[in-house]
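Okay, thanks everyone for coming. I'd like to walk you through one structure today and stop at a few places along the chain.

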Amino acid sequence: MTLFDRVFGGNDYNYERTVAAIDQAIATYGEAEPVSFPDTAYSLPCYYGVTGVKINTLGEMKAAMDNIKSMMTRNNRLQDAFDSGIASALCAEFLEALKYLHGATPYTEPEMGHLTDAFVRNLGVPLVTGDIPGVAVIIGGAEKPEDTVALVKSYQNQGILVTITGEGIKHVADAGMKTGENVRVCPLGYEMQSVIHVVSVAVRAALIFGNITPGDFPALAKYTMDRVRAFVNAYKPLSDEIVSYGAGAICLGFPVVSNETENMFRVPKSLIQQLDTEKWNATSLEARDIKIKITNIDIPVAYATAFEGEIIRRGDMQVEVDGSRVDCFELVQTKEAAEVEDHKITVIGPEIDDIPVGSKISLSYTVDVAGKAMQPDFESVMERKFHAYLNCIEGVMHTGQRDMIRIRISKADFEAGFKFKHLGEVLYAKIKSEFEAVVDKCQVTIVVDAEQNKALRAAANEVFAKRDDRLRSMTDESVPVYYTCIMCQAFSPSHVCIVTPERLGLCGAVSWLDAKATNELDPTGPCQIVPKERCIDENLGRYEDVDEAIEKYSHGALEHVTLYSLFQDPMTSCGCFECICGVEPCSMGVVITSREHAGMTPLGMSFSDMASMTGGGVQTPGFMGHGKQFIFSKKFIAAEGGPGRIVWMPKELKEQVRERLDATALEMYGVENFTDMIADETVCTEDPEELLGFLSEVGHPVLGMEPFDM
Ligand code: SF4
Ligand code: ZN
């Protein structure tokens with residue numbers, strides 16, 4: 001038997017059982033029964049991406065099997081064999097999709113099975129920033145369960161997103177490891193075919209971020225090869241079924257590392273035999289050319305971006321810093337060089353050992369920085385990063401900011417010897433490594449004393465208030481320049497964000513100050529200065545300078561972009577936007593929905609549906625991705641009348657923006673409590689008539705606005 005025979009054997013096996021499964025489903029539900037994975041706008045994403053055809057019913061699925069059969073070529077040529085593996089992958093997708101027939105919920109364990117469009121979009125920013133340097137696809141499990149666990153942990157500690165199919169799931173569960181998107185370890189399913197769920201993520205990344213035309217398979221495969229840093233680690237023994245999937249993976253550019261020796265052969269950089277599974281991590285990273293950025297931090301527990309979303313439950317916590325009940329805060333201050341002793345970490349008050357388990361305590365940390373290129377404007381930029389810095393500590397959870405922070409330190413960390421001073425070590429190491437261009441010296445003072453923190457907090461609040469005044473006074477008119485951000489070009493090669501004080505990047509993570517700091521730290525990096533001297537149309541936010549920057553940084557893909565219009569050359573989207581707005585034609589208003597909201601909007605579309613209308617750096621008048629904070633900006637679709645056009649938002653989003661949006665609407669339209677005039681899912685979900693009724697009832701300002709000039 002050769003490798004070819006194994007691939008072809010796997011293909012035959014998959015073809016036959018898929019046809020049988022479809023026939024059986026048709027016998028039960030009939031050919032007209034709809035098929036789709038839940039929470040995706042791409043139906044069966046792999047089949048759609050590879051062929052350009054959306055499968056909607058069982059009958060269409062059955063017919064598609066002829067196409068799949070034709071892809072299962074039997075030429076004894078390497079490339080053909082790999083290509084034919086794609087057909088097996090499509091069978092796997094069909095088999096998994098059948099599990100979701102008729103509203104079934106086949107996977108009861110959370111995070112198993114199909115991964116939603118929102119999951120794919122959540123990956124956008126961490127993938128471009130390198131926070132997620134790669135994706136490991138682990139198939140099966142080691143002979144000794146602890147070896148699987150060690151491999152998974154090795155990737156997790158590097159921030160790599162891990163998916164597991166088969167036996168390995170049991171190994172990590174038995175070892176008590178937390179799993180889920182938030183800790184970047186995703187079990188897909190026990191059956192080998194469930195591996196398709198991670199392939200589906202890669203395919204949708206190409207459609208969402210890369211603007212790849214569905215059905216353009218060479219472009220799709222080139223995109224996944226060049227831009228999705230995934231690789232496969234497959235434990236022996238490998239069935240022919242797995243070998244056929246492996247061939248498909250290689251076809252998409254994902255190398256396969258295995259310790260299988262039976263009827264395998266090696267293909268450099270693609271099919272790699274590595275009998276020593278302890279070397280799989282290093283072998284895989286080398287094969288996929290993944291570089292891990294290491295910051296050495298002197299703490300007794302693990303530190304990795306994979307832990308950023310980890311949750312520490314009440315019962316697992318040793319102590320809690322609770323800014324909602326006691327005085328707590330975090331602060332960065334610029335000091336003179338002589339006032340700062342580099343790497344000095346001071347803890348004033350008791351250490352963690354002296355505090356009873358389960359206590360809620362008052363704690364503050366002040367980071368003093370000094371540097372010739374340091375500017376006070378960077379203080380808030382650094383401060384906002386503390387959340388991520390501290391969250392990356394395994395066993396530590398940080399939420400909130402400024403004087404509303406909450407930090408939980410787990411019992412496990414306490415037992416491992418974690419101390420308050422280690423919070424300081426982390427802040428020191430991260431500030432020094434990420435802001436090395438502006439920070440020469442850095443010291444951290446941690447105060448664990450309610451009395452002292454009371455006075456210190458009052459002083460910190462004065463600093464925050466001053467900063468807020470400065471931020472509020474910063475408008476698009478008051479600053480001399482704007483900035484580009486092209487970080488997302490790693491995935492959306494022609495996308496450019498223009499970041500202004502009143503319009504942050506659509507991911508919500510890059511404000512004008514962030515962009516300014518990024519430019520300062522890395523003058524040839526993603527954030528370049530855009531002058532604003534040649535204004536063509538103030539209302540639209542059209543500038544010759546902006547157009548020039550757009551043309552230059554989109555490499556000629558785009559020539560015109562306005563800052564404030566939804567219809568005339570709107571800003572493009574990459575795919576990782578926090579929110580998306582779209583025109584609601586009955587009311588002549590706009591509907592906004594956010595990634596967190598899975599439900600429908602009055603456009604008859606969910607977030608995923610609306611999001612699929614735009615992305616990949618293309619302009620789609622009438623639909624636009626944007627950050628949450630843009631909603632309450634006076635510049636939000638200012639050319640079309642501003643935020644007074646907003647007629648519908650999910651309830652949760654309304655609460656997040658209420659205060660600032662009400663203030664903006666009062667100033668712009670003289671309307672009180674504007675947020676209450678915006679409908680949400682409790683008012684209507686799909687019916688525009690109900691929406692209109694509600695808007696007239698509350699006297700929504702949109703009713704007095706001119707129709708859109710579309
Ligand atoms: Fe991507 Fe725009 Fe955010 Fe930059 S500002 S990271 S380009 S979405
Ligand atoms: Zn993006």
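I'll start with the cavities, then go through some helices, a few backbone details and the ligand site.

One thing up front: this is a predicted model. Please keep that in mind for everything I say.

So, empty space. Rolling a probe the size of a water molecule over the atoms shows where empty space is left. Here the count comes to five cavities of 30 Å³ or more. The largest cavity holds about 110 Å³. Who sits around it? There are 13 lining residues in total, and the ones nearest the centre are Val243, Gly246, Ala247, Met264 and Leu271. If you ask which elements give two or more residues to that lining, they are α1, residues 3–29, and α11, residues 240–251. α11 is the top contributor, with five residues. As for chemistry, the lining has twelve nonpolar residues, one polar residue and no charged ones.

Let's stay with α11 for a moment. What does its length look like? The helix has twelve residues, and from first C-alpha to last it reaches 17 Å, close to the 16 Å expected at 1.5 Å a residue. It is mostly covered, too: eleven of the twelve residues are buried. The buried ones include Glu241, Ser244 and Tyr245, and also Val243, Gly246 and Ala247, the three α11 names you just heard for the cavity centre. Just after the helix, glycine 253 takes a positive phi of about 95°.

Now the stretch leading into α11. Proline 237 lies in the loop between β4, residues 230–234, and α11. The bond to look at there is the one joining lysine 236 and proline 237, which is a cis peptide bond with omega at about -5°. Both of those residues come up again with glutamate 260. That glutamate is found in the loop between β5, residues 256–258, and β6, residues 271–273. Leaving out residues up to four places away in sequence, glutamate 260 touches Lys236 and Pro237, along with Arg6, Leu238 and Gln273. Is glutamate 260 buried or exposed? Its relative accessibility is 6%, so it counts as buried.

In strand β5 itself we have valine 256. Valine 256 also comes out at 6% relative accessibility, and therefore counts as buried. What does it touch, beyond four places in sequence? On the α11 side, there are Gly246, Ala249 and Ile250; the other contacts are Val232, Ser270, Leu271 and Ile272. Note that Gly246 and Leu271 were also on the list nearest the centre of the largest cavity. For a sense of distance, valine 256 and arginine 266 are ten residues apart in sequence and 10.0 Å apart in space, C-alpha to C-alpha.

Back to the start of the chain. Alanine 21 is found in helix α1. Its contacts, leaving aside neighbours within four places, are Leu95 and Leu98. Alanine 21 and leucine 95 are 74 residues apart in sequence, yet their C-alpha atoms are 7.2 Å apart.

Helix α3, residues 58–71, is another one to check for length. Its 14 residues should span 20 Å at 1.5 Å a residue, and the end C-alpha atoms are 20 Å apart, so that agrees. Which residues of α3 are buried? They are Leu58, Gly59, Met61, Ala64, Met65 and Ile68. Those buried residues pack against α1, α2 (45–51) and α4 (78–99).

Next, two backbone oddities towards higher numbers. Aspartate 569 isn't a glycine, but it has a positive phi of about 45°. You'll find aspartate 569 in the loop between α18, residues 544–553, and β20, residues 579–584. It has 23% relative accessibility, so it counts as partly exposed. Methionine 588 is the other case: again not a glycine, with a positive phi of about 60°. Its place is in the loop between β20 and β21, residues 589–594. Methionine 588 is partly exposed as well, with a relative accessible area of 21%.

Last stop, ligand 1. Which residues are around it? There are several cysteines, Cys485, Cys488, Cys497, Cys507, Cys574 and Cys576, and then Met487, His495, Gly505, Leu506 and Val510. By class, that shell divides into nine nonpolar, two polar and no charged residues.

That's my tour, so let's open it up for discussion.

Technical notes
Residues are numbered from 1 along each chain as its sequence is written. Chains are lettered from A and ligands numbered from 1 in the order in which they are written. This is a predicted model: local features need pLDDT of at least 70, side-chain atom pairs count only at pLDDT 80 or more; totals for chains, interfaces and linings use all residues. Side-chain values use heavy atoms; hydrogens and water are left out. On a 1 Å grid over the protein atoms alone, a cavity is a set of points where a 1.4 Å probe fits but cannot get out, and a pocket is an open set with protein on both sides within 12 Å along at least five of seven lines; lining residues have an atom within 4 Å of a point. Grid points are joined across faces, edges and corners, and a volume is the space filled by probe spheres set on the points. Ala, Val, Leu, Ile, Met, Phe, Trp, Tyr, Cys and Pro count as nonpolar, Asp, Glu, Lys and Arg as charged, and the others, Gly among them, as polar. The expected span of a helix is 1.5 Å times one less than its number of residues. Buried means under 20% relative accessible area, exposed over 50%, partly exposed in between (1.4 Å probe, protein chains only). A residue is near a molecule or strand if one of its heavy atoms lies within 4 Å of it. Contact means heavy atoms within 4.5 Å.
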